[in-house]
Amino acid sequence: RPGSALDALLDALPDALPDALPDALPAAGFFVTLYRAVSQWRKCGYPSGSRSNSPQRSISTMRSSAFITTAASAIKRRQTFLALSQPGLGKSSCLVAAAILAGIDPDDVLVSHCPTDDQSVATGLPSFNDDGTASFVPIGILAKALRATRPTLLLLDDITHASSEVQAAYLSLCLNREASGQRLPDCVSICATGNFKGRGMGTKGLLHPLRTRFTTAITLEAHAEDWAEWATGQHIDPVVVAFIRWSPEALICDADDLPKGFESHPSPRTWAGLSECLNWGLPRGGAEEREVLCGAVGEASATAWLAFRHAHGMLPHADAILRGDFGQAADATPGVLYSVASTLAYRATPATMEHLCNFALHLADKGRGEYASLLMGDISRRHPDLQETTAYAAAMCGPLGDILGGALLKNTP
């Protein structure tokens with residue numbers, strides 16, 4: 001009926017439903033399943049039109065892949081910089097990855113959680129000397145940094161949540177590399193993270209004198225493909241990864257549209273949390289599972305993902321493909337092939353690599369080479385050891401190698 005909720009749904013989600021769903025589900029059940037998402041959809045910051053209005057683009061300047069290499073370059077040169085983003089985008093994780101890229105051992109990444117710090121963490125505690133004078137003695141993380149003898153990263157985490165007094169105490173550290181009257185060793189680099197100000201973030205802002213002590217501020221962008229590459233190697237449920245690849249806008253909501261109160265919202269961190277919830281052993285499709293998933297990413301996002309998973313259950317069976325029975329899988333819609341590729345990569349083993357390589361070649365022969373590249377790239381990220389198998393080597397020496405060479409070289413550690 002014109003003007004009905006269904007019209008509003010179709011207007012709000014013009015490209016957010018897989019082509020296979022209308023045919024795969026009874027019409028009534030399909031729309032009842034997704035109807036509940038309509039009222040919450042715009043609250044989560046999803047665009048009410050084309051994907052060109054993706055909310056993260058208005059606040060983002062650098063994808064995580066570029067962010068890591070840029071941060072690594074700054075760390076190597078001991079440049080003090082600030083990383084900013086919405087909560088839950090993985091700033092700290094990216095900086096640890098950047099430190100490793102810069103040649104720093106993960107055990108030498110020293111994290112100071114600024115919101116719980118007081119001034120003494122930056123200045124040290126007063127102590128009497130034997131000659132009757134007094135000086136400040138460094139404590140905690142800074143004491144470790146001052147004793148460092150090999151490349152080390154000092155990370156001031158969530159500094160925008162720290163009090164003004166704590167921020168002021170870090171002024172000398174960030175400009176002169178001094179703490180408790182001592183100078184940091186040359187092997188120590190400094191960086192900080194912070195969240196944008198917004199509803200429910202609890203951000204106190206940043207003192208201008210402290211902001212000017214950072215060489216630059218790098219804003220981290222949430223990008224679906226970067227997150228999917230990370231998630232592929234982190235035991236994230238393959239259906240969650242496939243959903244984010246199919247609907248990139250679902251990864252995160254706009255900072256201006258964060259829900260009030262205790263309602264959750266989609267972000268890279270909360271989607272990883274939803275994947276963890278799937279391992280709780282709750283009855284699949286039950287009311288308990290639905291409530292838990294809504295609590296992880298919000299009702300709108302959870303409802304959309306549950307509908308996607310329902311369709312995923314009707315996809316070409318992965319077991320058949322792993323046995324070499326490809327059927328009509330290569331003729332499926334893009335949403336279906338995203339799911340199939342993610343699931344197959346998740347289940348890849350040395351025993352199934354020959355059939356997986358043959359399936360990738362089958363996809364390429366059918367003109368679906370981009371999904372062959374996706375499948376083999378995911379396998380190389382999730383199971384690097386499978387690149388040593390005979391089936392993999394044989395595939396790369398044939399026509400498949402010409403198609404996949406660029407993607408696989410990019411993803412090989």
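How many helices and strands does the secondary structure of the chain come to? In this predicted model, the count is 21 helices and 10 strands. The chain has 413 residues, and 52% of them count as buried. Its accessible surface comes to about 19,000 Å². Carbon and sulfur atoms account for 53% of that surface. Contacts across the sequence were also tallied. Among those between residues at least 6 apart in sequence, 75% join residues at least 24 apart.

The nonpolar cores were examined next. The largest nonpolar core holds 50 residues. Within this core, five residues touch the most other members: Trp-227, Phe-243, Trp-271, Leu-274 and Trp-305. Helix α12, spanning residues 238–246, gives the most to the core, with seven residues. Leu-274 was followed through its contacts, leaving aside neighbours within four places in sequence. Its partners are Val-240, Leu-293, Ala-296, Val-297 and Trp-305. Trp-305 thus appears both as a contact of Leu-274 and among the residues that touch the most other core members. Another core lies apart from the largest one. This second core comprises 31 residues, including Ala-341, Leu-374, Leu-375 and Ile-379.

Helix α19 covers residues 369–382. Its 14 residues should span 20 Å at 1.5 Å a residue. The end C-alpha atoms are 20 Å apart, so the expected and modelled spans agree. Of the 14 residues of α19, 13 are buried. The helix is therefore largely enclosed by the rest of the structure.

A shorter segment, helix α6, runs over residues 119–123 and contains Ser-120. Is Ser-120 buried or exposed? The relative accessible area of Ser-120 is 16%. That value falls under the 20% cut-off, so Ser-120 is buried. Beyond its neighbours within four places in sequence, Ser-120 is in contact with Leu-125 and Ile-139.

Two non-glycine residues with positive phi were also considered. Arg-78 is not a glycine, yet has a positive phi of about 55°. Arg-78 is found in the loop between α4 (64–76) and β2 (81–85). Its relative accessibility is 34%, so Arg-78 counts as partly exposed. Ser-180, likewise not a glycine, has a positive phi of about 55°. The loop that holds Ser-180 lies between β7 (178–179) and β8 (182–183). At 15% relative accessibility, Ser-180 counts as buried. Arg-78 is thus partly exposed, whereas Ser-180 is buried.

How values were computed: Residues are numbered from 1 along each chain as its sequence is written. This is a predicted model: local features need pLDDT of at least 70, side-chain atom pairs count only at pLDDT 80 or more; totals for chains, interfaces and linings use all residues. Side-chain values use heavy atoms; hydrogens and water are left out. A nonpolar core is a set of buried Ala, Val, Leu, Ile, Met, Phe, Trp, Tyr and Cys residues joined through side-chain atoms within 4.5 Å. Buried means under 20% relative accessible area, exposed over 50%, partly exposed in between (1.4 Å probe, protein chains only). Helices (H or I, at least four residues) and strands (E, at least two) are DSSP runs, numbered from the N terminus. Contact means heavy atoms within 4.5 Å. Accessible areas come from the Shrake-Rupley method with a 1.4 Å probe; for residues, only the protein chains shown count as cover. The expected span of a helix is 1.5 Å times one less than its number of residues.
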